[in-house]
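Trainee: Could you take me through one part of this model in detail, beginning with a strand pairing and then moving on to the charged side chains?

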Amino acid sequence: MDTPSQLVAGRYQLLESAGDGGMACVYRAITHGAAGFQRMVALKRVHDHLAGSTEFVRMFIEEARISSELDHSNIVQVHDFGVDSGGYYLVMEWVDGLHLGHYAASFKRRGEVAPWRFVASIGAQVLAALASAHERVNGQGILSPVIHRDVTPHNVLLSVQGVVKLADFGLARAMDRARMTNPDVLKGKLSYLAPELVQAKPASPQSDLYAVGISLWETLSGERLYAADTDAERIRKVREAEVPAIDSKRDDLPDGLIAIVNCALERDPEQRFRSAHEMEHALLRLMGGNPVNARELGQSVTEARVAMGLLPRSLRPTPESLSPAIDGPVRAARAVVVKSEK
């Protein structure tokens with residue numbers, strides 16, 4: 001078992017666990033190079049109890065291969081892949097920030113709702129990443145799309161620099177190839193499946209767009225879309241696509257955004273957007289081609305980290321440092337909450 005301060009492959013020093021999923025653990029680590037060179041990275045390793053499985057090892061190798069072939073500014077990049085006495089490891093860029101689930105929860109903790117322009121801007125960056133993967137061309141010049149299959153708030157990473165990164169592309173494809181049905185792997189992902197996937201139909205770009213629609217709906221509403229006490233009940237809700245209208249949750253959303261979310265969450269894949277590009281452009285048009293800039297989003301991410309207790313108090317921004325561009329929509333969002341409570 002890997003432990004903090006452990007050195008992997010003689011150059012990656014583990015600092016702490018940054019996330020523990022059904023199949024693997026991700027660590028925050030430092031790369032040590034020549035002449036005192038250091039770089040923060042994320043290092044992923046398959047859990048010990050799965051490392052002896054030929055199937056899981058093959059899947060992990062597949063993840064590394066597919067991830068290394070996806071080159072886009074909104075996709076988490078792979079730096080290295082290797083093996084040491086502890087087994088195979090995957091080294092990726094470290095995204096200093098938090099995931100979309102924590103970002104959404106931070107507004108609820110503050111008694112606010114997420115400003116819709118920020119949510120739309122995040123969605124547009126996620127869709128840019130998906131468009132790049134869906135339109136991937138292999139080394140022979142043949143269209144070879146990669147369907148994510150696991151677009152969840154935990155896989156949408158928001159950096160303090162205001163950049164959105166989509167993670168875990170390759171593993172989802174490898175899982176599909178291996179027809180993986182391990183309940184530990186699927187736990188937590190059921191709530192983001194498109195209706196056709198629980199009916200054993202093939203994944204498609206439209207099933208990824210449905211998952212984006214769920215993530216937008218949940219971030220805007222501050223609620224879980226398919227909350228249930230049991231997996232059986234959750235699967236039933238997903239299959240029947242029981243989606244409350246997003247405008248029933250808050251009354252400050254523009255009609256265009258409501259229409260975009262509704263389109264992404266159509267039960268019939270044929271009724272959804274034709275591509276990630278089409279949905280991305282719909283969001284950009286809604287914002288007049290002027291999405292929230294990186295500085296604004298980065299400061300919002302920093303504030304969210306503070307609210308969630310993920311940033312040391314000594315680094316907490318002062319009220320004077322808050323951008324009016326951020327403070328305005330936050331005040332407006334707070335007004336919506338107050339109004340709804342009266």
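**A three-stranded sheet and the salt bridges**

Mentor: Start with a single pair of residues: Leu157 has Lys165 in E9 as its bridge partner. That contact belongs to the pairing of strand E8, residues 156-159, with E9, which is antiparallel and extends over three bridges. Bear in mind throughout that this is a predicted model. The two strands are part of an open sheet of three strands, ordered E7-E8-E9 and paired in the antiparallel sense; its edges are strand E7 (97-99) and strand E9 (164-166), each of which pairs on one side only. From one strand to the next, the twist averages 25 degrees.

Two helices lie across this sheet. Helix H3, residues 100-109, lies across E7 and E8 and runs at about 90 degrees to E7, while helix H4, residues 116-134, lies across E8 and E9 and runs at about 40 degrees to E9.

Turning to the charged side chains, the count of salt bridges comes to 18. In general, side chains of opposite charge can pair when their charged atoms come close. One of these salt bridges involves the loop between strand E6 (87-93) and E7: there the side chains of Arg305 and Asp96 meet at 3.2 Å, N to O. Because Arg305 lies in helix H11 (residues 294-307) and Asp96 in that loop, the pair ties together parts that are 209 residues apart in sequence. Arg305 counts as buried, since its relative accessibility is 11% and the limit for that class is under 20%, whereas Asp96, at 33%, counts as partly exposed.

A second salt bridge joins the side chains of Glu63 and Lys44, at 3.0 Å from N to O. Glu63 lies in helix H2 (residues 54-68) and Lys44 in strand E4 (residues 38-46), so this pair ties together parts that are 19 residues apart in sequence; both Glu63 and Lys44 are buried.

A third salt bridge is found within one helix: Arg236 pairs with Glu233, their closest N and O atoms being 2.8 Å apart, and both residues lie in helix H8 (residues 231-240), three residues apart, or about one turn of the helix. Arg236 is partly exposed at 27% relative accessibility, and Glu233 is partly exposed at 28%. Elsewhere, salt bridges that share partners join Glu62, Arg65, Glu69 and Arg136 into one network.

The surface also carries a nonpolar patch formed by Ile61, Val83 and Tyr88, with about 240 Å² of accessible area together. Val83, which is placed in strand E5 (residues 78-84), is exposed, with a relative accessible area of 51%.

How values were computed
Residues numbered from 1 in each chain as written. Predicted model: local features only at pLDDT ≥ 70, side-chain atom pairs only at ≥ 80, totals over all residues. Heavy atoms only, no water. Pairing = 2+ DSSP bridges. Helix = DSSP H or I, 4+ residues; strand = E, 2+ residues; numbered from the N terminus. Axes fitted to C-alpha atoms, helices over the stretch in contact; angles between N-to-C directions. Contact = heavy atoms within 4.5 Å. Patch = residues over 30% accessible without salt bridge, like charges linked within 9 Å, V, L, I, M, F, W, Y side chains within 5 Å. Areas by Shrake-Rupley, 256 points an atom, 1.4 Å probe, with all protein chains shown as cover. Salt bridge = Lys/Arg side-chain N within 4 Å of Asp/Glu carboxyl O. Buried < 20%, exposed > 50% of the residue type's maximum accessible area, 1.4 Å probe, protein only.
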